[in-house]
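Work through the exercises below with the sequence and the structure side by side. Try each task before reading its solution.

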Amino acid sequence: MTDVHTREAQSGEQTVPDVDVVVVGAGVAGLYLMKRLRDQGFDARAFDAADDVGGTWYWNRYPGARCDVESIDYQYSWDPELEDEWTWSERYATQPEILRYVEYVADKHDLRRDITFETRIVDARWDDASSTWTVRTERIDGGEPGTVTCRWYVMATGCLSAPKDPDIEGAEAFEGEVYITGRWPHDGVDFTGQRVAVIGTGSSAIQSIPLIADQASELVVFQRTPNFSLPAHNGPPRPEKVARFEQAENYREEARWSGAGVPRDMPELGALMVDDETRRQRYEQAWEEGTIFSLTGAYNDLFLNPDANETAADFVRSKIRAIVEDPTTAEALCPTTYPIGTKRLCLDSGYYSTFNREHVSLVDLRTEPIRTITADGIETGSDAENVRSFEFDAIVFATGFDAMTGAIVRVDIEGRNGVSLREKWADGPQTYLGLMTAEFPNLFMVTGPQSPSVLSNMAVSIEQHVEWITDTLGRLRDDGHDVIEPTELAERAWVQHTNDFAGMTLFTQANSWYMGANVPGKARAVLPYIGGVDRYRQACVDVVAADYLGFRRDSSSDVAAEVVNDGIIRPLAPDVTVMLEMMSEMGLPPVESMSPVEARAFTEASAAMSPPGPDVAEVTDGTYLGADGALAFRRYVPLGAGAGPLPLIAYFHGGGWVLGSATSDDAFCRDMSNRTGAIVVSFDYRHAPEHRFPAAHEDAWAALQWVADHAVELGSDPTRIAVAGWSAGANLAGHLAHRSRENGPGLVAQLLVTPVTDHEMATRSFVDNGEGYILTASLMRWFWDHYADEADRSDPRVSLLRADLSGVAPAVIVTAEFDPLRDEGVAYANALRDAGSAATHLSAGGQIHTSLKAVGALLTPTAVREQAFDDFARLLV
């Protein structure tokens, strides 16, 4: 290449590339990268197919193109002088104004001198021997192709920069003018007096349709899937927004640590926690606020609860019906097939009212699909007898983008051992933090898939990525390393973490570009990270603080030794994380700081807010004769129970022998009954400190005797009795399993979920998980102190690991990764097997002590809980 100087090929044993860094893209991200790299002393070169800076804002010049994040938020924060030098004219800046802003920044910092324009990247190849990338380029004007080598290669290509090619039959046959919103002519288009078709009703269509309607003599909009849109209420920046920005000392820092990259007050209530009128007024306020965050941020459960989401969707549909005069058109414009917010909300300026104009009409492609595009227009109809023909002078394809991954994989990128990135991502992107991908050393992506990207204020997310990448390059240089790559374990775990977060929400219910569903043949996968800008930023900070956890670093010249710091940055399940965050924000006192009476009231109040369990065929309450008087039980009959006697499970609740009741694990018992096909009887027992050891164990033994005596009247088979329990209740169940060997009744199985099996609390899991996961080491000591004297704690009835475990009923034991009791549960499973007893151990990765019984409240434990019930059920036959 003529514009990149060539260094000497070798410097000692190290291959010296032409430049340190190649950056693809000269938009908002590319410019900041070039500024940071230059300031840090790296030799960098950027390439862009455009003839000037701007990226997305260079190409997207369609009528009405605007940012959907307020101008005050959508601007650089790294140059504080810009806030004084540049004043935005509108609340939501237009494309021309944003482009002028980007050009101003490029001029101010002289960034164009390191950018090669009108040049497309053809491919990039990693060479392991030299630890360099070889990047091939081609000139847009047909000039000489080029090659440049670099140590680090950064894709700053933008999330919405690869327009989706029209995939409609006959698209190439039309002889009139054809326009694509993502590649609009730079000198504009005059539709005056023309008959115009717009295909698509996404953001670009919603922004452009009112302006095209102002010029066209006829406008027909062809809609496949309607979108939810809110009024932007555009105009000058709002005084209250300007005041908050100017008066808040740390506004920019608040944005960096907010959920979406814009400072907002987070709602504390769910939509179904308020009355209809209060909810309507809040939605009206959000409608008038006019931001993409206002409506879906009105309540805290709109992305989680379909019933809550439907209240917001109904509100917007009512607005559409009130604006659009023709009822048929109004209904066609009302989205009904996906939850609101799971496709990107749009902001508009008179979109819905445009359909009240006489020369504007809508074709609903769900009932009247396009048959073909012809030389002079479009034919529609579901069959040959219902064909309609439209004649047009121009067709506008507003058909969206191959979002987030399209611009990356359209470049032929080949990593280690000839692995193609396009092939690696064929079934969905695989990244670590959305920044890098295994097998592709030194390849970085700005706002790549599995980072917050399009679910955030992109200005904030871009800056965070640019700073992380450039800081990392500086760290590598300081440490004598020049190669970095994610480990496969870290990448797999991050992909799973991203998918788990998405699985908690309603996003997966929409066929959206967030899911890649708008591109034929593209793998359906969650593309953005849904956990929020704040959680994501903290993960990135924690990776670095843990000495680049999940990365392998090396030196191409053996200046520094290879460092492999394999591991998982977010092993805790995301729904568990959210629950713990909510509890922390509530500032609840620790249970061990309460008296037993206070603790019982607290746990009962908490349980009352838990979701109800699944329906069962029958629930009855009664009493049984415990070791020292009558105690309560609750009986569950599974759905679909046959006429014959069923297996019976005697269940014992958790609560450290201090808390809980026969009904406190109601949802868990319902789920277990249905899943195993067994009758479940949940027993109460006497609690400490009023009744210390061995009171609970003696009541449990009395309960088992009672079950054996009453099995037939309970509807059960007396030869198929099993025991189960959670936590301290699992301790009781385990005790019954070895006590019943000699004294009966015989048991067919035992299910022990996160069981207490020893009193010493000296395992590694007590060290690693003793704080922050609800059941803490101090709380476990509180339980022991209330229930058993020191001299009694080694009794094999309560310290099960000290019992004779030979010949006990087959066991299914479930432990949780982040549970202080984890290691003693694992030890108990091993001890059973060592004693010749059958034991299946299931490890609940990412879960805490209380996860497994949180039926309906947590999603991620569902699979392991169902596996445990299925394994248990096989022992009951």
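**Exercise 1.** How much area does the protein chain expose, and what share of it do carbon and sulfur atoms supply?

Solution. Note that this is a predicted model. The protein chain exposes about 33,900 Å². Carbon and sulfur atoms supply 48% of that area.

**Exercise 2.** Describe the overall build of the protein chain.

Solution. Start with the elements: the protein chain has 25 helices and 31 strands. Next, take the radius of gyration, which is 32 Å. The globule rule gives 29 Å for 877 residues, and 32 Å is close to that, so the chain is as compact as a globular protein of that length. The C-alpha atoms fill a box of roughly 90 × 75 × 55 Å along the principal axes. Then check burial: 58% of the 877 residues count as buried. Finally, look at contacts with a separation of 6 or more: 72% of them link residues 24 or more positions apart.

**Exercise 3.** Which strands pair with S28, and in which sense?

Solution. Locate S28 at residues 716-726; 8 of its 11 residues are buried. Strand S26 (residues 646-652) pairs with S28 in the parallel sense over 6 bridges. Here Ile-649 stands opposite Ala-722. Strand S29 (residues 749-753) also runs parallel to S28, joined by 5 bridges. There Gly-725 faces Leu-752. Now add helix H21 (residues 728-743): S28, H21 and S29 form a right-handed β-α-β unit.

**Exercise 4.** What span does helix H20 reach, and which of its residues are buried?

Solution. H20 covers residues 695-710, 16 in number. Its span from first to last C-alpha is 22 Å, close to the 22 Å expected at 1.5 Å a residue. Its buried residues include Trp-701, Leu-704, Trp-706 and Val-707.

Definitions and conventions
Residues numbered from 1 in each chain as written. Predicted model: local features only at pLDDT ≥ 70, side-chain atom pairs only at ≥ 80, totals over all residues. Heavy atoms only, no water. Buried < 20%, exposed > 50% of the residue type's maximum accessible area, 1.4 Å probe, protein only. Helix = DSSP H or I, 4+ residues; strand = E, 2+ residues; numbered from the N terminus. Pairing = 2+ DSSP bridges. Right-handed = clockwise from strand over helix to strand, strands pointing away. Expected span 1.5 Å × (residues − 1). Rg over C-alpha atoms; globule rule 2.2 N^0.38 Å. Contact = heavy atoms within 4.5 Å. Areas by Shrake-Rupley, 256 points an atom, 1.4 Å probe, with all protein chains shown as cover.
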